[in-house]
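The following exercises invite the reader to work through a protein model and its ligand. Each task is followed by a solution in steps.

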Amino acid sequence: MKPLTPLPVEQIPETLPRTQAHARPDSWSDVLVVGAGPTGMACAIEVQKAGFKALVIDKGCLVNSIYHYPTNMVFFTTPELLEIGDIPFTTALAKPTRLEALEYYRRVAEHFHLHIRLYEWVKTITGEDGEFRVTTTDRHSAIHDYRARKIVVATGYYDLANQIEVPGEDLDKVFHYYREPHPYFDTDVVVVGGKNSAAETALDLWRHGARVTLVHRGAQMHDHVKYWVRPDIDNRIKAGEIAAHFKSSVQEIGGDYVVLHTPSGPLHLKNDFVFALTGYHPDYDFLRSVGIELSSEQMRPVCDPENLESNVPGIYVAGVIVAGSRTNEIFIENGRFHGKLIAAHISEKLGRGNPNFPLDAT
Ligand SMILES: Cc1cc2nc3c(=O)[nH]c(=O)nc-3n(C[C@H](O)[C@H](O)[C@H](O)COP(=O)(O)OP(=O)(O)OC[C@H]3O[C@@H](n4cnc5c(N)ncnc54)[C@H](O)[C@@H]3O)c2cc1C
């Protein structure tokens, strides 16, 4: 048999993903926006309107957070307050559904011909003002490099759930997100939390045949519960249709039980599923890795409130992350205006963009 001779190095096929030595021409932009939520989209639209080339990168689908909200969710905001880029959003009823919002934001992305890379996770941002380098990984673990003069971080808060930190939280019967009621028909479900998500989830599960116990550390449901949801949940609890334990917490979760800590002592309940809906928080580690400083108490990114430029020159923060851990201060209604502030500041710094972009620019 003929002995195997090794291939010359230049003939060895490339099978492993490698970092690109040079960013591709289309991976260059004036402004790279991390996160294709409503805020990230609004930022891209405004900088594009100012004549700059914008690129948006998201680790999931377009408006990934909204896509993952409960399937039949209705916004508390009327449609005109969710509008971006001055594109009208009209709905048949007073409040838009999640499906209508998904439709709207898809249409807006198409209307403005936004450059968006979906399913790419931004891992690192290096370099400096005017010459940033951004590295992403895609679903196949391939690495991609981008270059940009300015960066906008609009990464939201919905990816990281606040943990209740009790034994058993890692069981696969415990969820931090709620989608729809059907799988929980005729089962014993505990819902942890006292705000909107907990109230609406408890009601939806109960209406679709689950036996629901609500557990909240406060003395009653939170004041922020929507005014039209509040009487509904209060009345279901008063009527004993939804069991509720206030000033209580979950102590332990087992395969077919939970143990509660209540004012009258420990309570052992039969249980099939737990929804721990105790809020979400921004990815502080990612913000720190970029060099953004966070305030010690509320983890707010240090930034100029006039233009949202962070302590790292050339890197802006936008949307709900601006509020740090106070995620109820900024929502789509007010975060959507961050794009205009940032675009005005970038125009001031970079001068006028190409007024014909994106019509004749690539
Ligand atoms: C159930 C529910 C109902 C709500 N109802 C309303 C309402 O009626 N009205 C209202 O105004 N607000 C409402 N909100 C709040 C609102 O949805 C959020 O405040 C809003 O989505 C924040 O927008 P954002 O663009 O800042 O962040 P997000 O919408 O969370 O977008 C952030 C994006 O960044 C992406 N991302 C994160 N990290 C990376 C990374 N490293 N690389 C690439 N991409 C990344 C995420 O995938 C995501 O798509 C509601 C929230 C919830 C949970």
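**Exercise 1: The ligand and its surroundings**

In this predicted model, the side chain of S65 places an N or O atom 2.6 Å from an oxygen atom of the ligand.

Task: Determine which other side chains make polar contacts with the ligand, and which elements contribute to the shell around the ligand.

Solution.

Step 1. Consider D58: an N or O atom of this side chain is 2.6 Å from a ligand oxygen atom. For W121, a polar side-chain atom lies 3.5 Å from a nitrogen atom of the ligand.

Step 2. Consider the cover. On its own the ligand has 1000 Å² of accessible area, and the protein covers 94% of this area.

Step 3. Identify the elements. Two or more residues of the shell come from each of α1 (38-49), α2 (64-67), β4 (120-128) and α7 (332-335). The greatest contribution is that of β4, with three residues.

Step 4. Classify the residues. Of the 31 residues around the ligand, those that come nearest are D58, S65, Y69, F76 and T77. The shell comprises 17 nonpolar, nine polar and five charged residues.

**Exercise 2: The parallel sheet**

Task: State the strand order of the five-stranded sheet and explain why β7 and β10 each have one side without a neighbour.

Solution.

Step 1. The order is β7-β14-β8-β9-β10, in an open sheet with parallel pairing.

Step 2. Both β7 (174-175) and β10 (243-245) stand at the edges with a single partner strand each, so one side of each has no neighbour in the sheet.

Step 3. The partner of β7 is β14 (residues 273-276), and the two pair in the parallel sense over two bridges. Within this pairing, F175 has F275 of β14 as its bridge partner.

Step 4. Helix α4 (residues 196-207) lies across β8 (188-192), β9 (211-215) and β14, and runs at about 165 degrees to β8.

**Exercise 3: The antiparallel sheet**

Task: Describe the three-stranded sheet and identify the bridge partner of Y257 in β13.

Solution.

Step 1. The three strands form an open sheet in the order β11-β12-β13, with antiparallel pairing.

Step 2. The edge positions belong to β11 (249-253) and β13 (265-270); each has a single partner strand, so one side of each is left without a neighbour in the sheet. From one strand to the next, the twist averages 30 degrees.

Step 3. Strand β12 (residues 257-262) pairs with β13 in the antiparallel sense over six bridges. The bridge partner of Y257 in β13 is K270.

Terms used:
Residues are numbered from 1 along each chain as its sequence is written. This is a predicted model: local features need pLDDT of at least 70, side-chain atom pairs count only at pLDDT 80 or more; totals for chains, interfaces and linings use all residues. Side-chain values use heavy atoms; hydrogens and water are left out. Two strands pair if DSSP finds at least two bridges between them. Helices (H or I, at least four residues) and strands (E, at least two) are DSSP runs, numbered from the N terminus. Contact means heavy atoms within 4.5 Å. Axes are lines fitted to C-alpha atoms, for helices over the stretch in contact, and angles run from 0 to 180 degrees between N-to-C directions. A residue is near a molecule or strand if one of its heavy atoms lies within 4 Å of it. A polar contact is a pair of N or O atoms within 3.5 Å; within protein, one must be able to donate a hydrogen and the other to accept it, and residues adjacent in sequence count only if both atoms are side-chain atoms. Accessible areas come from the Shrake-Rupley method with a 1.4 Å probe; for residues, only the protein chains shown count as cover. Ala, Val, Leu, Ile, Met, Phe, Trp, Tyr, Cys and Pro count as nonpolar, Asp, Glu, Lys and Arg as charged, and the others, Gly among them, as polar.
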